[in-house]
Amino acid sequence: LKPVEVPYGTLDLMVLKTLDSLGPLHGYGIARRIEQVSQGSLALNQGTIHPALLRLEQKGWISSKWGVSENNRRARFYSITKSGRKQLTAEAENWSRAVAVLGRLLEDES
Amino acid sequence: MTTMRVWIVRLLGSLGLRSRDADVAEDIQAHLDLLADEFQRQGMSAGDARLAARRQFGGVAAVQEQYREQRRLPGLDVLAQDIRYALRTMGRAPGFTAIAVLTLALGIGANTAIFQVLYSLVIKPLPVRDPHQLVDVQPMHNGSGQSFSYPLLREMSARQTAVQGIFVSGAVTRGEWIVDGRKPSTAVDGRMATGNYFALLGTDAQVGRVFTETDDRPSAIPVAVISDAFWRREFGARTDALGKVLSIKNVHVTVVGVTRREFFGDTVGSYPDVWIPLSLVSQLDPNSMSAGTVWLQPMARLRPDVTLPQAEAQLDALFRQLRHLTIQWKDVSDDRLTLLPAAHGLGSLHEEFGRPLWILMGIVGMLALIACCNLANLLLARATARTHEMGVRLAVGATRDRLLRQLLTESALLAVIGAALAFLLARATATALVQLATIGQDLKLSLDADWRIAAFTGSIALVAVFVFGLAPAVAATRVGVSSTLQSGRRTHTGARSRHLTSNAFVVAQVMLCLMLVAGASLLTRSFWKLTHQDFGYQPERVLTANLDFDFRNMKPYFTPVFRQRLYEHVRAIPGIRNASLSMGGPLGNMSDTPRFTLPGSASDGGYEVTLIRVYPNYFETMGIPILAGRSINKDDRKGAPHVAVITETTARTFFGGENPIGRVLTGDRQFDPAPAIQVIGVSPDVRYRNPREPFKNVVFVPMEQVRAFSVPEIVLQIDGDASSFIEPLRRTVKDIAPGLSIWRLETLSETALVRLRRERLLAWLSAAFGALALILASIGLYGVVSYRVKLRTQEIGIRLALGAHPQRLRAMLLREVLQMVGLGLAAGVLATLALTGLLSTILYELSPRDPVTLVSAAVLLTAVALVAGFVPARRASRLDPMTALRRE
């Protein structure tokens, strides 16, 4: 099975969910986690995580501060904010609904 | 919310306030290292792991770039780049930059300065609640506004229901104020105001309270409200100013509050320091409470449910019932009470300067257009000089939009610098402008540069850039890549349209310039005519002194004995040519206008005359010739037969063409029971109040034959410098009348100038702006011609080499100039004829379409244009053909 591209607009949601369930993480950690969960079915250029992180931070949904990684490097650790959590709930619900609709539509077709 | 937050964060990012480039690099490096460590754990070599990490990560540079872009506002990077580039370009052509910025600064600065004055003097309403409800309550008598007496005001105020209330403030008669036991740092401007004054005017106190109706009762404890300026000046803005005592004459008042900072009472141009309740007038100036003293100019606030005409009708009805409370109006039936909208407060400044300032606004508007034309031409010339650069940039892949943007940025930068300079210029000149406008009046005006002024300056600059920067920019980028690169400067493709554009700018400039010069010439000539007309006396040689008296100690100075002494003493002042006394003389502040009739005519007939009471030698001192009969002399004293000298206009009014000498006139109230006055002489007409009004019916009578209403004015005829007589005169007055003081001392020409300050303002400023317009236009023409010459250096070289005569070459170049100027003049004459009609009410004995003015303006402009064009044309004709040809 060929890995799929990350659908447009879902990366933000994935990042938020990751931070929500695992707590503060650096960029690598987030990318790693998303890859693990997708079990190789997602083609993720890890670099694209960083602009997404900036975008989320500018929106105030995550915050960041410097910390030390497991290999003793200075890295930025990101954590979800209160408004980020609110956003996550809303977005997640939207997604479930959209996926359900899409699912029903596709079933009808087949 | 989120969107706004993002924009703010990005804006901060753009400004470099959240610079994180290094941070980002470090964070990405950390990510890469972690990834590489992972690969190493899986068994790769260090080098392989690093490479694998990079693959997995994607393009580092791309991520960083994306990061950077996302951190800032879109397009801002490009803008910064453009600005940097523009600054470099400007630095490389300092001459061009200086002229462009200066032109803009002058053009915009003049606009800002005039606008600032116009705004504070004319446009801005009083800084109070709902100023549009305020009206000026004015009894009209023969078409001119009158004042109220105290009893009439009180009665009307108490009985009316048509308006929310009638309120008034009147000056505290001159006297020394004592502030908290000491002398104040400057003279104090005190006002007496009704108790409802602050409440109805619609303002409150910033500290303490304003006074109210309760404070305005005769039994109340005397209080005072002080202005913000006075509070700062005398009390250092300390709150312990409340409770301090101010005294004037025998009255002591306690400060209870400070008005708001922006509040200045009811009249634009005055800033009272202290307000006290009007009921104190009974102690300060009982004279002012009589029904015979009219001095109050009340205002009213309309009720929301009553329109102005309704309120006016109701108040007028009441006024007719109560009119008898003012003595002067007892028997006059044609007076009406009128309400005039007074959102701008009382005072005549608004009316006096409204029209002149709008005219000046138009003038400086045109000046700004001329400046913009100049700028456009300069930019156009620069654009052509940069054809090669543009060609290269297009060739290496710049889009035309990008180049346009770059060029517009350059002009925007010029505009910003120009506007900033203009703002400073306006700040510096606006105050001087107000002083020039309001000579003869101790006028204070707050010229705070508020946001409106800044917005005004900014918007002119913006228009200047986009209207006048766009055309040159479009022209500059309309170049063919290959042609410019191949042949450098030699080709002139595209130059044709550029020439047309710059010709159009020159024509427009000449047109505007003609309008300005013609307008300025009309206004200055009109002013000259006003000041150099025949006044009927010799204004430059007559020095008048107005005396001020204290009502509590005025008795000794109202007697014939005192006047005789004063007369003798002033006549003894050394160095004077002649001296006399008068009461109600020309250009003074007092006038007495009784009604005179011919004996035997109907009792309500007759005409209003302007009565001047004079002492012997008056006509000689003033330099008024006696055309027929005799003048008034020392035998025309009290008890002698009543006599009068009348002016030619008076003679015509009463006697038509007949000889007035020996005829008899009857006066009214002052002469009760009306005596017969015999006309003994006729004088030429004299300018009485305003030098541009029609002549009045002036009647001179011996001072001692009529009841006096004040102390006399001193009239001196002098030679040369007036200032040398000031000291002797002061001393004389001090010696014989210690209770009097001189409050105005000036020649009649100086007084006339004050009366003509509006015309003077227009004349001076329009002349200055006209000259500036000429300078700008000649710079523009010079620039255009020399630039053309430069472009055509080669052509000129060839012509010269082939034997063209330098003189004919010059003629050819000048012909082009004259064509443009001719076209501009034609358009200018038409525009001038269409617009100068606006000046007709301002001009004195001069038609707004005066042909002499138009022709001389056109000649002047042509001459200036020829000089401006001649210099570069001569330079061209003197080119060495060989050098010109070699210049590639």
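User: Let's start where the two chains meet. How many residue pairs are in polar contact across the interface of chain B and chain A?

Analyst: Nine, with both residues of each pair at pLDDT 80 or more. Keep in mind that you're looking at a predicted model.

User: Which parts of chain B supply the side that touches chain A?

Analyst: Find four helices in chain B: α1 (2–14), α2 (21–41), α3 (46–57) and α4 (60–71). Each of them supplies at least two residues to that side. The top contributor is α2(B), which gives eleven residues.

User: And what kinds of residues are on that side of chain B?

Analyst: It's a mix: eleven are charged, nine nonpolar and six polar.

User: With charges around, how many salt bridges link chain B and chain A?

Analyst: The count is two. Here's one you can look up: the side chains of E26(B) and R74(A) form a salt bridge, at 2.9 Å from N to O.

User: How do I put a size on an interface?

Analyst: People often quote the accessible area that is lost when the parts come together. Here, chain B and chain A bury about 2,400 Å² between them, and carbon and sulfur atoms give 52% of that. On the chain B side, the residues losing the most area to chain A are D27(B), L34(B) and Q70(B), which together make up 24% of what that side buries. You can also count residues: 26 from chain B and 28 from chain A take part in the contact.

User: What about disulfides? How many does a search of the whole structure find?

Analyst: First the idea: a disulfide is a covalent bond between the sulfur atoms of two cysteines. In this structure, the search over all chains comes up with zero.

User: Why is C372(B) not bonded to C373(B)?

Analyst: Because their sulfurs are too far apart: the closest cysteine sulfur to that of C372(B) is in C373(B), 7.2 Å away. A disulfide would need the two sulfurs within 2.5 Å.

User: Are those two cysteines buried or exposed?

Analyst: C372(B) is buried, with a relative accessible area of 7%. C373(B) is buried too, at 4%.

User: Now chain A on its own. How many helices and strands are there in chain A?

Analyst: Four helices and five strands. Trace chain A from the N terminus and you'll meet them in the order β-α-β-α-β-α-β-β-α. Its C-alpha trace spans about 55 × 35 × 20 Å along the principal axes.

User: What share of chain A is buried?

Analyst: Of its 110 residues, 41% are buried. As for contacts in chain A with a separation of 6 or more, 50% come from residues 24 or more positions apart.

Key
Residues are numbered from 1 along each chain as its sequence is written. Chains are lettered from A and ligands numbered from 1 in the order in which they are written. This is a predicted model: local features need pLDDT of at least 70, side-chain atom pairs count only at pLDDT 80 or more; totals for chains, interfaces and linings use all residues. Side-chain values use heavy atoms; hydrogens and water are left out. Contact means heavy atoms within 4.5 Å. Buried area is the accessible area (1.4 Å probe) that two parts lose on being put together, summed over both. A salt bridge is a side-chain nitrogen of Lys or Arg within 4 Å of a carboxyl oxygen of Asp or Glu. A polar contact is a pair of N or O atoms within 3.5 Å; within protein, one must be able to donate a hydrogen and the other to accept it, and residues adjacent in sequence count only if both atoms are side-chain atoms. Ala, Val, Leu, Ile, Met, Phe, Trp, Tyr, Cys and Pro count as nonpolar, Asp, Glu, Lys and Arg as charged, and the others, Gly among them, as polar. Buried means under 20% relative accessible area, exposed over 50%, partly exposed in between (1.4 Å probe, protein chains only).
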